[in-house]
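Student: Could you take me through one part of this model up close, and then show me how that part fits into the rest? I'd like a connected account rather than a list.

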Amino acid sequence: MLRTKTTESKPVARTPDNVAIKPQRMGFEFGEKVPHYWLDNSYILSHTMNALSVLFPQGEQFFVDSVRYYQDQINDPKLKKEVRGFIGQEAMHSLEHKSMNQHVRDQGMPVAELEEHLEVVLGIAKKLPKRHQLAITCALEHMTAMMADMLLERSDVREDMHETMRPLWVWHAIEETEHKAVTYDVFNQVGGTYAERTFYLAFSTAALGVMASYFTTRMMLNDPKNFSLKDSARGLWRMWGKNGTFSSLIPTWLEYFKPGFHPWDHDNSELIARFKEQINEYIAPQYQKGNRRTIQ
């Protein structure tokens, strides 16, 4: 049984002052203009990213619920403000990925069925103690922050995305970077322990790997005519080979196990400044003055 004894330390938010956590609805649209295989014209890579997108809306609702439960216990004004921004940003991510997921559904993928399976898995997670749910959220936020940093750092990955899909993923990466420490700071402030956060990183990594692999496989089975061993081998190497998009993240993943770890130990706020102005050009006219709709 993991210890849940609270500590007396009450760390404050450590997000850099030059980073603002503000939600922004984008209004991305998808349709016939999006190629079926929009990532490097690859069957397996495109299905993998589509599978990840299906995970986001319900997953982000889980994140919001786990943080919102502790909202009244946060006594740092800066962190309180950041939590409100985090909730708003996750709401926008959910809405935009629902639009993408509808596009994937329109391609004949079993999105509704996969969402039902995810609901069952998250239902089990919701039976855990509340702080353990928050530890899961911290772990998954660490992984999304790693992937966001990789996407913003690596032009080869961005350039392989079709121009109709690239803005969604770059925008999402910017906002994941902006709020990458919020759940971690909340977890620390409410007495989260090293044992909890490290155990649930290992647990959440395994769970995410299983779910993402299952979702990807189901999509591939629904699209069998274009399967090829060559494409699959090439895609797997691209993800997990030397300097692969996922294998390159392993050192950053391991940093979470350092006793004094904090997400902003790696200050990549300059990436936000570099891409923010570019991505704001893609805001749909009806949302250019902002949108405050949040997950309910």
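Tutor: Let's start with H4, a helix that is mostly covered, as 21 of its 24 residues are buried. Keep in mind that this is a predicted model. The geometry of H4 is easy to check: at 1.5 Å a residue, its 24 residues should span 34 Å, and the end C-alpha atoms do lie 34 Å apart, so the two values agree.

H4, running from 130 to 153, also supplies at least two residues to the largest nonpolar core, a set of 88 residues. The other helices that each supply at least two are H1, H2, H3, H6, H7, H8 and H11. H1 gives the most, with 13 residues. In soluble globular proteins, nonpolar side chains tend to be buried together.

Within this core, the residues with the most contacts are Trp-38, Val-83, Met-100, Trp-169, Val-186 and Phe-215. Met-100 is a good one to select in your viewer. Leaving aside residues up to four places away in sequence, Met-100 touches Phe-30, Trp-38, Met-49, Asn-50, Ser-53, Met-165, Leu-168 and Trp-169. Two of those partners, Trp-38 and Trp-169, are themselves on the list of residues with the most core contacts.

Now for the rings. The structure holds 15 aromatic pairs. One of them joins Trp-240 and Phe-246 in a tilted arrangement, with 5.5 Å from centre to centre and 55° between the planes. The two partners differ in their surroundings: Trp-240 is exposed at a relative accessible area of 53%, whereas Phe-246 is buried at 17%. Elsewhere, ring pairs link Tyr-37, Tyr-43 and Phe-227 into a cluster.

Charged groups meet rings too. Lys-180 places its charged end over the ring of Trp-264, 4.2 Å from the centre. Arg-197 lies over the face of Tyr-256, and there the distance to the ring centre is 5.1 Å.

Stepping back to the protein chain, we find 11 helices and 0 strands. Its radius of gyration is 19 Å, close to the 19 Å that the globule rule gives for 296 residues, so the chain is as compact as a globular protein of that length. Along the principal axes, the C-alpha trace spans about 60 × 45 × 35 Å. Over the chain, 55% of the 296 residues count as buried. Finally, among contacts between residues at least 6 apart in sequence, 86% join residues at least 24 apart.

How values were computed:
Residues are numbered from 1 along each chain as its sequence is written. This is a predicted model: local features need pLDDT of at least 70, side-chain atom pairs count only at pLDDT 80 or more; totals for chains, interfaces and linings use all residues. Side-chain values use heavy atoms; hydrogens and water are left out. A nonpolar core is a set of buried Ala, Val, Leu, Ile, Met, Phe, Trp, Tyr and Cys residues joined through side-chain atoms within 4.5 Å. Buried means under 20% relative accessible area, exposed over 50%, partly exposed in between (1.4 Å probe, protein chains only). Helices (H or I, at least four residues) and strands (E, at least two) are DSSP runs, numbered from the N terminus. Contact means heavy atoms within 4.5 Å. Rings of Phe, Tyr and Trp (its six-membered ring) pair if their centres lie within 6.5 Å; planes under 30 degrees apart count as stacked, over 60 as edge-to-face and the rest as tilted. A charge sits over a ring if NZ of Lys or CZ of Arg is within 6 Å of the ring centre and within 35 degrees of the ring normal. The expected span of a helix is 1.5 Å times one less than its number of residues. The radius of gyration is taken over C-alpha atoms; the globule rule is 2.2 Å times the number of residues to the power 0.38.
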